[in-house]
Amino acid sequence: MALTLHGPAAGAPDIAEPILRALPAWFGNEAALHKYLAGLPEHPTFTAYRDAQPAGFLCLTDHGLGSFELHLVAVRPELHGHGIGSALLSAAESWLRRRGVRLLHVKTLGPSSPDRPYAKPRRFYTQQGFKPLSEFPQLWGPDTPCLVILKHLWPTRL
Ligand SMILES: CC(C)(COP(=O)(O)OP(=O)(O)OC[C@H]1O[C@@H](n2cnc3c(N)ncnc32)[C@H](O)[C@@H]1OP(=O)(O)O)[C@@H](O)C(=O)NCCC(=O)NCCS
């Protein structure tokens with residue numbers, strides 16, 4: 001099974017929609033999905049293909065402050081747990097380090113929400129070295145506490 005990574009490019013319009021639609025537990029809100037898809041071309045995006053089939057993608061946001069945000073990461077559900085999310089993140093981090101970027105953060109649904117599917121990405125980010133910064137109960141609205149987690153991208157030795 002061959003995994004190939006590409007990017008970054010502006011968005012991933014051809015593969016993003018079917019992948020997000022295959023993940024209704026996370027991206028089932030139609031209005032939010034449309035917003036994600038419409039905004040994708042603004043984001044540097046890495047794509048992963050397994051045996052030449054679209055497997056996942058990861059988008060970044062440049063806040064123009066020397067730090068970036070991991071805007072969105074999604075892997076086809078039948079391929080979860082095969083290292084594709086980690087490979088996408090690793091490619092993105094290498095690209096950021098080469099640019100001298102040292103801080104990467106993610107906003108995700110916080111642990112005070114009862115929404116169980118979001119425990120999975122929180123565990124994924126923790127395993128990848130992200131640390132919780134703070135939970136903002138009102139940023140996204142009262143029922144969607146926003147957890148901000150942060151990773152310092154230490155320079156790798158060559
Ligand atoms: C979060 C997400 C992107 C992670 O992608 P993934 O490809 O499943 O991630 P990985 O396979 O690299 O790592 C996931 C797990 O597999 C394990 N793993 C990594 N490489 C592996 C391999 N080669 N073989 C077996 N397991 C492996 C990891 O240790 C990790 O273990 P954990 O679940 O106990 O934390 C994916 O689950 C997803 O798309 N979720 C839905 C969308 C979502 O939640 N997006 C984020 C919203 S904030």
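This is a friendly conversation about a predicted model of a protein chain with a ligand.

Trainee: Let's start with the whole chain. Which pattern of helices and strands does the protein chain follow along the sequence?

Mentor: The protein chain has five helices and seven strands. Read along the sequence, their order is β-α-α-α-β-β-β-α-β-α-β-β.

Trainee: What is the radius of gyration of the protein chain, and how does it fit the globule rule?

Mentor: The C-alpha atoms fill a box of roughly 40 × 35 × 30 Å along the principal axes. For 158 residues the globule rule gives 15 Å, and the chain comes close to that, so it is as compact as a globular protein of that length. The radius of gyration of the protein chain is 15 Å.

Trainee: Among contacts between residues at least 6 apart in sequence, what share joins residues at least 24 apart?

Mentor: As background, 25% of the 158 residues count as buried. Among the contacts you ask about, the share that joins residues at least 24 apart is 61%.

Trainee: Now the inside. Which element gives the largest share of the largest nonpolar core?

Mentor: This core has 31 residues, and those that touch the most other members are Ala16, Phe57, Leu58, Ala74, Leu88 and Ala92. The elements that give two or more residues to the core are helix 1 (13-21), strand 2 (44-50), strand 3 (53-62), strand 4, helix 4, strand 5 (103-109) and strand 7 (146-152). The largest share, six residues, comes from strand 4.

Trainee: Ala92 is on that list. Which residues is Ala92 in contact with, leaving aside its neighbours within four places in sequence?

Mentor: Ala92 is one of the buried residues of helix 4. The buried residues of this helix pack against several elements, including strand 2 and strand 3. Beyond its sequence neighbours, Ala92 is in contact with Phe46, Leu58 and Leu60.

Trainee: How far apart are the end C-alpha atoms of helix 4?

Mentor: Helix 4 has 15 residues, and at 1.5 Å a residue they should span 21 Å. The model agrees with this expectation, because the end C-alpha atoms are 21 Å apart.

Trainee: Is Glu93 buried or exposed?

Mentor: Glu93 has its place in helix 4. Apart from neighbours within four places in sequence, Glu93 is in contact with Leu104 and Leu153. A residue counts as buried if 20 or more other C-beta atoms lie within 10 Å of its own. Glu93 has 20 such atoms, so it is buried.

Trainee: And what follows helix 4?

Mentor: Look at the residue with a positive phi, near 85°, that comes after the helix. That residue is Gly100.

Trainee: Let's turn to the ligand. Which element gives the most residues to the shell around the ligand?

Mentor: The shell has 18 residues, and His80, Gly83, Gly85, Ser86 and Pro121 come nearest to the ligand. Two or more residues each come from strand 4 (67-75), helix 4 (84-98) and helix 5 (119-127). By class, the shell has eight nonpolar, eight polar and two charged residues. The element that gives the most, with five residues, is helix 5.

Trainee: Now for the backbone. Which peptide bond is cis, with omega near 5°?

Mentor: Most peptide bonds are trans, so a cis one deserves a look. Search in strand 1 (residues 3-10), where Pro8 has its place. The cis bond runs from Gly7 to Pro8.

Trainee: What is the phi of Asp51, and what is the phi of Ala52?

Mentor: Most residues other than glycine have a negative phi. Asp51 is in the loop between strand 2 and strand 3, and Ala52 lies in that loop between strand 2 and strand 3 too. Asp51 is exposed, with 9 other C-beta atoms within 10 Å, and Ala52 is exposed, with 8. Neither is a glycine, yet phi is positive, about 50° for Asp51 and about 70° for Ala52.

Trainee: Finally, how far apart in space are Pro145 and Arg99?

Mentor: Pro145 is found in the loop between strand 6 (131-136) and strand 7. Pro145 is partly exposed, with 19 other C-beta atoms within 10 Å. Pro145 and Arg99 are 46 residues apart in sequence, and their C-alpha atoms are separated in space by 32 Å.

Methods. Residues are numbered from 1 along each chain as its sequence is written. This is a predicted model: local features need pLDDT of at least 70, side-chain atom pairs count only at pLDDT 80 or more; totals for chains, interfaces and linings use all residues. A residue is near a molecule or strand if its C-beta atom, placed from the backbone, lies within 6 Å of it. Helices (H or I, at least four residues) and strands (E, at least two) are DSSP runs, numbered from the N terminus. Ala, Val, Leu, Ile, Met, Phe, Trp, Tyr, Cys and Pro count as nonpolar, Asp, Glu, Lys and Arg as charged, and the others, Gly among them, as polar. A nonpolar core is a set of buried Ala, Val, Leu, Ile, Met, Phe, Trp, Tyr and Cys residues joined through C-beta atoms within 7 Å. A residue is buried if 20 or more other C-beta atoms lie within 10 Å of its own, exposed if 12 or fewer, and partly exposed in between; C-beta atoms are placed from the backbone. Two residues are in contact if their C-beta atoms, placed from the backbone, lie within 7 Å. The expected span of a helix is 1.5 Å times one less than its number of residues. The radius of gyration is taken over C-alpha atoms; the globule rule is 2.2 Å times the number of residues to the power 0.38.
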